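Dear colleague,

I am passing on the structure below, with notes on what was found in it. Please read them beside the model and tell me where you would look further.

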Amino acid sequence: MTSCHVAEDPIKKVAIFGGTHGNELTGVFLVKHWLENSTEIQRTGLEVKPFITNPRAVKKCTRYIDCDLNRVFDPENLGKKKSEDLPYEVRRAQEINHLFGPKDSEDSYDIIFDLHNTTSNMGCTLILEDSRNDFLIQMFHYIKTSLAPLPCYVYLIEHPSLKYATTRSIAKYPVGIEVGPQPQGVLRADILDQMRKMIQHALDFIHNFNEGKEFPPCAIEVYKIMEKVDYPRNESGEISAIIHPKLQDQDWKPLHPEDPVFLTLDGKTISLGGDQTVYPVFVNEAAYYEKKEAFAKTTKLTLNANSIRSSLH
Ligand SMILES: [Zn+2]
């Protein structure tokens, strides 16, 4: 590890997105609360804007209207000519890009927190898109340390084909926050409390950074996506086996080649196979049935960050 000191610009504009998926209610509920009363998310010298990203889906309490908003922030969709024929979420993505971006420009928001729930037993999860981002590794280290002994996992989605064009990706520093297990359309107090604490610690980190605090070099453990695993299917493409009870709720736990992952209705067990121990995430996530993802395999690794300090100090 180098001890090179990285000076970064102070953070000015932060957004907190809820309702990117309209049936993931913790973020919807928190953001609506902060729109009424923003006291707890205010920090001196920092603009923090709570925002409901997919209001039509929120109103219907559904994941999306026409297509998944959290997959359309790519140059092609953002650059499409405005038209009523475009899917609602593509039109909405263009509006959000106008308000908080433009993506990859100097004008874009510094940080966007995007609040999600999962039906999987993933606890507090931070989603990282770039493994070389000292600022976010430092922030995630701060959040993990502040939440301890409550575990907080980091899911790294950096991958040539599996990374997707997230809503938060228009910010310089995109942060996905995913807390579960919580059914779609349901609010649980324990999950709400955990998500709220993650945001509080994140904002405290930004405040400390802006005040000139130096964060020494640090390291965090992350789980990097390797591969998505579909359900076994019959010739008509229908699911022919379900998540094995021994895998259910076992997100982040080591899964060995001989371990069971699926169970057919006639009682046949299907094991993981391969020759590598992996760490499963998004096990039996409700929203991923349509994406043909029963769980994702990850590998565990350590990321190091250089010391950071705001360039104003
Ligand atoms: Zn979501």
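Both His21 and His116 are buried, where buried means under 20% relative accessible area, exposed means over 50%, and partly exposed lies in between (1.4 Å probe, protein chains only). This is a predicted model, in which local features need pLDDT of at least 70 and side-chain atom pairs count only at pLDDT 80 or more, while totals for chains, interfaces and linings use all residues. Residues are numbered from 1 along each chain as its sequence is written, and side-chain values use heavy atoms, with hydrogens and water left out.

The two histidines belong to the zinc site, whose protein donors are His21 (ND1), Glu24 (OE), Glu24 (OE) and His116 (ND1), at 2.0 to 2.5 Å from the ion. Donors here are N, O and S atoms within 2.8 Å of the metal (3.2 Å for Na, K and Ca), and water is not among the atoms, so sites may look incomplete. Along the chain the donors follow the spacing H-x2-E-x91-H. The pair links distant parts of the chain, 95 residues apart, with His21 in the loop between β2 (13-18) and α1 (25-36) and His116 in strand β4 (residues 111-117); helices (H or I, at least four residues) and strands (E, at least two) are DSSP runs, numbered from the N terminus. The arrangement is irregular because the four donor atoms subtend angles of 57 to 150° around the zinc ion. For comparison, four donors count as tetrahedral if all angles lie between 85 and 135 degrees; four count as square planar and six as octahedral if opposite donors are over 155 degrees apart and all others between 65 and 115; anything else is irregular.

His21 and His116 appear again at the largest cavity, since of the 15 residues that line the largest cavity, those closest to its centre are His21, Arg63, His116, Glu178 and Tyr288. About 90 Å³ of space lies in this cavity, and the structure holds three cavities of 30 Å³ or more. On a 1 Å grid over the protein atoms alone, a cavity is a set of points where a 1.4 Å probe fits but cannot get out, and a pocket is an open set with protein on both sides within 12 Å along at least five of seven lines; lining residues have an atom within 4 Å of a point. Grid points are joined across faces, edges and corners, and a volume is the space filled by probe spheres set on the points.

The largest pocket has a volume of about 260 Å³, and its lining includes Glu8, Asp9, Lys172 and Tyr173. The second largest pocket has a volume of about 220 Å³; of its 14 lining residues, the closest to its centre are Glu129, Lys163, Ser169, Lys172 and Pro174.

Asn117 also lies in strand β4 and is buried, with a relative accessible area of 4%.

Turning to the backbone, most residues other than glycine have a negative phi, and most peptide bonds are trans. A cis peptide bond joins Ala148 and Pro149, with omega about 10°, and the bond from Gly180 to Pro181 is cis, with omega near 10°. Asn284, although not a glycine, has a positive phi of about 60°, and Lys292 has a positive phi near 55°. Lys292 is found in the loop between β12 and β13 and is partly exposed, with a relative accessible area of 46%.

With best regards
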